[in-house]
Amino acid sequence: MLINAVPQWQGAISPGAKGLIEGCRALSELAGHVLGKPVHHVRQDAATSDVVAGIANRSVLTGTNRQLQLAALEAPEGPVLTIGGDCGVELVPVGVARFRYGATLGVAWFDAHADLNTADSSPSGAYHGMVLRSLLGEGDKEFAASPAIERGRAVLFGARSLDSAEEEAIASGLAVRSDDVAGALNAAGADRVYLHVDLDILDPGEFPGVNYPEPGGLTIAELAEAIDGLSGMEVVGAGITECVGTEVAALEPVLAAVGRVLMEG
């Protein structure tokens, strides 16, 4: 298993977004300890750039930082776990997994948000709210994945704060919401899976160290159980994102569950 720590924060423009850098470091250190694997720290430029075509920090997100992340995935040994950083870090590893494993790759999107906006529909211009739409091949052409995840093969779990454009995308069948993620992926014809975990799927009272907390989330035990629900599927990669806390020991069960499904796959 390869663990890549990617401390990108520019996809999130909240006041506390720079805390994603230290959150990434703390969480990746814990991941290495729990999973018994070395951590590869992927260098990222912490600079900002202008809003262009409705996307904040566009040139930073599409420039050297992306190239460094791609280079880190040139020759992975087995499954890859990416520790972010904001959700925008998932553009590269999911895109690479889709290229390597083909059209039947599915995505399990464990997140309080759907991340299905485009630059036109986003209320903020923050790219981390657009990344799944990009992975489905839509939105800004500099970000849209090619090849893309097939329609209906992205399954949302735990989403509870959605914009109207995201609701419309789901209603159109672009993505699916389900509490039975494995069942929905199987029904969609996915034979391999990438697991995305934004820690804001957790209730803030359970783990407060997230970038965009939303009430009404899961407990740590419930999240670990949901991840284990993918057991039996071939999970080829995973990402854990949006941690701004440095007191992360409580997340050990989540990391252990991610490790189980990756090693099983």
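Q: Where is Gly183 found?
A: Gly183 sits in helix α7, which covers residues 181-187. Keep in mind as we go that this is a predicted model.

Q: Is Gly183 buried, exposed or partly exposed?
A: The idea is to look at relative accessible area: under 20% is buried and over 50% is exposed, with partly exposed in between. Gly183 has a value of 28%, so it counts as partly exposed.

Q: How far apart are the C-alpha atoms of Gly183 and Gly229?
A: Their C-alpha atoms are separated by 9.7 Å, and the two positions lie 46 residues apart in the sense of distance along the chain.

Q: Let's turn to the sheet. In what order do its eight strands come?
A: In general, strands of a sheet pair through backbone hydrogen bonds, either parallel or antiparallel. Here the order is β2-β1-β3-β8-β7-β4-β5-β6, in an open sheet with parallel pairing. The edges are β2 (39-41) and β6 (176-177), each of which pairs on one side only.

Q: How many bridges join β7 to β8?
A: Seven bridges link β7 (residues 192-198) with β8 (residues 234-241), and the two run parallel. To find your place in this pair, take Val197, whose bridge partner in β8 is Ile240.

Q: Which residues of β4 are covered on each face?
A: Leu105, Val107 and Trp109 are buried on one side, while Gly106, Ala108 and Phe110 are buried on the other. That makes six of six residues buried in this strand. As for its partners, β4 pairs with β7 over six parallel bridges, and Ala108 stands opposite Leu195 there. With β5 (residues 154-157), β4 forms four parallel bridges, and Val107 faces Ala154 across that pairing.

Q: Which residues have the most contacts inside the largest nonpolar core?
A: The general idea first: in soluble globular proteins, nonpolar side chains tend to be buried together. In this model the largest nonpolar core has 48 residues, and those with the most contacts inside it are Leu81, Phe110, Leu195, Leu199, Ile227 and Leu230. Leu195 is a good one to click on: setting aside neighbours within four places in sequence, its contacts include Ala108, Phe110, Ile227, Leu230 and Val261. Another core, of 30 residues, lies apart from that one, and Val107, Leu116, Phe143 and Ile170 are among its members.

Q: Why is α4 described as largely enclosed by the rest of the structure?
A: Count its buried residues: eight of the 11 residues of α4 are buried, so the helix is largely enclosed. Those residues are Leu91, Val92, Pro93, Val94, Gly95, Val96, Ala97 and Arg98. They pack against α3, β3 (80-84), β4 (105-110), α5 (131-135), β7 and β8. Just after the helix, Gly102 takes a positive phi of about 95°.

Q: How many cavities of 30 Å³ or more are there?
A: There are two. The largest has a volume of about 80 Å³, and its lining includes Gln8, Asn65, Arg66, Leu91, Val92 and Phe143. Two elements, α3 (64-71) and α4 (91-101), give two or more residues to that lining, with α3 providing the largest share, three residues. By class, the lining has six nonpolar, five polar and one charged.

Q: And what is the volume of the second largest cavity?
A: The second largest cavity has a volume of about 50 Å³. Among the residues lining it are Ile55, Asn117, Tyr127, Arg133, Glu138 and Asp140. Its lining divides into five nonpolar, four polar and three charged residues.

Definitions and conventions. Residues numbered from 1 in each chain as written. Predicted model: local features only at pLDDT ≥ 70, side-chain atom pairs only at ≥ 80, totals over all residues. Heavy atoms only, no water. 1 Å grid on protein atoms, 1.4 Å probe; cavity = no way out; pocket = protein on both sides within 12 Å on 5 of 7 lines; lining within 4 Å. Points joined across faces, edges and corners; volume = space filled by probe spheres on them. Nonpolar A, V, L, I, M, F, W, Y, C, P; charged D, E, K, R; others polar. Core = buried A, V, L, I, M, F, W, Y, C linked by side-chain atoms within 4.5 Å. Buried < 20%, exposed > 50% of the residue type's maximum accessible area, 1.4 Å probe, protein only. Contact = heavy atoms within 4.5 Å. Pairing = 2+ DSSP bridges.
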